[in-house]
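Please open the model in your viewer and keep a selection tool to hand. The tour below moves from one selection to the next and says what is to be found at each stop.

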Amino acid sequence: MNYVQAYISDISFPDSLNEVYNFAHCFNMETVMMVRENDGEYEAREVSWTAPKWCKKGDIVFFMHAKTADRKINKLKKELLRNKEWYSDSAFWTIMNALIRAKKIHDIYGGKIFAIGKISGKPAYEKIDNENMHWRSNIYAPIDDIFLLENPIDISEFSAEIKVSRQSSITPVFGEKFDFLKKLVVKKNGIVEKYFIDSVAEPMPLHRLNDDNWLKIVNCHRRNFFLEAQFRAFYVDRFLKVLGDTKAFYKECGCKKENKSKTFVDNVIKMNGKYLSVESKLSVSAEKDINSQLASYCNLKWLCLTADKVVTDNIYNDNVLVIDTDKIYMYYDKKSMLKEVFELDDIESNNDIVKLKEVIINLLNCL
C-alpha cells in the first residue's frame, strides 16, 4: 500500500469580467480536463496547481468544480449585459461565449469530483501576481497522472461524511473519509489508476485502527498531528462516538447568533439529551483569541446540524466543549472562561471516556 495524504481541490470561477476575458481561451477547469494524445492514445497530463504547504510527492488530489461557481457565472453574465456599451463587439462576444462555455461545463461538473491526480514533486512558492485573480495562494505543486472520472461524484453523495471547506479551496481527506471516497469512486467508475487504488490516506502506524485498539495506538502519535483535520480524523471522531449519547454526531454545523454572521463549529454531539457544540484545536494555548471564537457558538438563534435539520432549543447555549492534543476544556460564555477539565494522557480506554462523560454532565449542570 502507498501511505499518502489526500485532499479535495475545489476549483471556483473568476470574480470579474476582466479575469474572464484573460482566461477566455482556457479556464482552470479546462486546464485540468485536458489530456494529450500520444500515438492515438490519450495520456493524463501534468499541471502546476495551487496546493497546501504540507503535501508531498505521491499524495492524492481530488479535483472538484465548486458548486457555487454557477452563481458567479450568472452574476457576471448579467453584469456583462448591463454594461454592454463598455465593450467592443469583439471583447463582448469573447466574454459572452466564454461564460456560455463555462455554464455548460458547470452544468455537467458543478459540485462534483471529476478528476483525480497525484502530486509528482515538492510544493514551492511561486511569485505570481494574483492580486486580481480569484485565488490567492502562491504555493504550487506539480500534479501528474490526472485521470478524468467517467462518472463524476456529486457532493450529495459524500457530504454526510466529508464537509468541503467553505473557507479554503483545500479540504484535507484522511483515514475513513478517504476510504469512503475511494470506494465511491471505484463503485461508480470501475477500474481506475493503480496508484489510487493502492493508496491509504493515513500514517502507516494508524492504518489498522479498530474500536478496541485506537486509543492505545493514537495516543502514541496524538501530539505529532500537524493538521486539525488529522487530529479530528484519527482521534476526535472516534472519541465523540464514545462520548456522546449516541455514536452519531454532526460535523461543520452552522451557528447563527442574533445580528451576527453565521459561523461554523467543528462538531455537535448529544450530551444528556441536549446538543453540545465541540471545537477541536491542535493547541488551545496557540490560539490568538479562542474565547471570542467560542463565544460565536453560544446563545444561538439557531443551530444547523445538517442541511435539513435546524434546531432552536434543547441546546447548551452557555457552553462549548474544546479538545486539543493535550486536554479537554469547557468554555462558559457568561463568564468568558475556558476551564481545563481533563488530561488526554489519562484516557486509556473507552471506559475512561464514559467516566469523563459523567464529569462533563456534572460541569454542565452545576455552572
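Begin by selecting Lys194, which lies in helix α6, where helices (H or I, at least four residues) and strands (E, at least two) are DSSP runs numbered from the N terminus. Lys194 is exposed, with a relative accessible area of 61%; here buried means under 20% relative accessible area, exposed over 50%, and partly exposed in between, with a 1.4 Å probe and protein chains only. If you draw a distance from Lys194 to Asp266, C-alpha to C-alpha, you should find 34 Å in space for 72 residues in sequence.

Before going further, note that this is a predicted model, in which local features need pLDDT of at least 70 and side-chain atom pairs count only at pLDDT 80 or more, while totals for chains, interfaces and linings use all residues. Residues are numbered from 1 along each chain as its sequence is written, and side-chain values use heavy atoms, with hydrogens and water left out.

Now zoom out to the protein chain, whose secondary structure comes to 10 helices and 19 strands. Along its principal axes the C-alpha trace spans about 70 × 50 × 35 Å, and 49% of the 367 residues count as buried. Among contacts (heavy atoms within 4.5 Å) between residues at least 6 apart in sequence, 69% join residues at least 24 apart.

Next select residues 175-189, helix α5, whose 15 residues reach 21 Å from first C-alpha to last, close to the 21 Å expected at 1.5 Å a residue; the expected span is 1.5 Å times one less than the number of residues. Colouring this helix by accessibility should pick out its buried residues, including Phe178, Leu181, Leu184 and Val185. Just after α5, Gly190 takes a positive phi of about 70°.

Strand β6 is the next stop, and His65 is found there. His65 is buried, with a relative accessible area of 2%, and, leaving aside residues up to four places away in sequence, His65 touches a set of residues that includes Asp10, Met29, His106, Tyr109 and Phe114.

Then show the aromatic side chains. A search of the whole structure finds 17 aromatic pairs, where rings of Phe, Tyr and Trp (its six-membered ring) pair if their centres lie within 6.5 Å, and planes under 30 degrees apart count as stacked, over 60 as edge-to-face and the rest as tilted. Phe62 and Phe196 form one such pair, edge-to-face, at 5.8 Å centre to centre and 85° between the planes. This pair links distant parts of the chain, with Phe62 in strand β6 (residues 60-65) and Phe196 in helix α6 (residues 194-197), 134 residues apart. Phe62 and Phe196 are both buried.

For another geometry, select Phe231 and Tyr235, whose ring centres are 5.6 Å apart with the planes at 15°, so the pair is stacked. Phe231 and Tyr235 are separated by about one helical turn because they are 4 residues apart in helix α8 (residues 228-243). Phe231 counts as buried at 0% relative accessibility, and Tyr235 is buried with a relative accessible area of 0%. Extend the selection to Trp214, Phe225, Phe234 and Phe239, which ring pairs link with Phe231 and Tyr235 into a cluster.

Finish with two lysines: the charged end of Lys270 sits over the ring of Tyr275, 4.8 Å from its centre, and that of Lys274 sits over the ring of Tyr316, 4.6 Å from its centre. A charge sits over a ring if NZ of Lys or CZ of Arg is within 6 Å of the ring centre and within 35 degrees of the ring normal.
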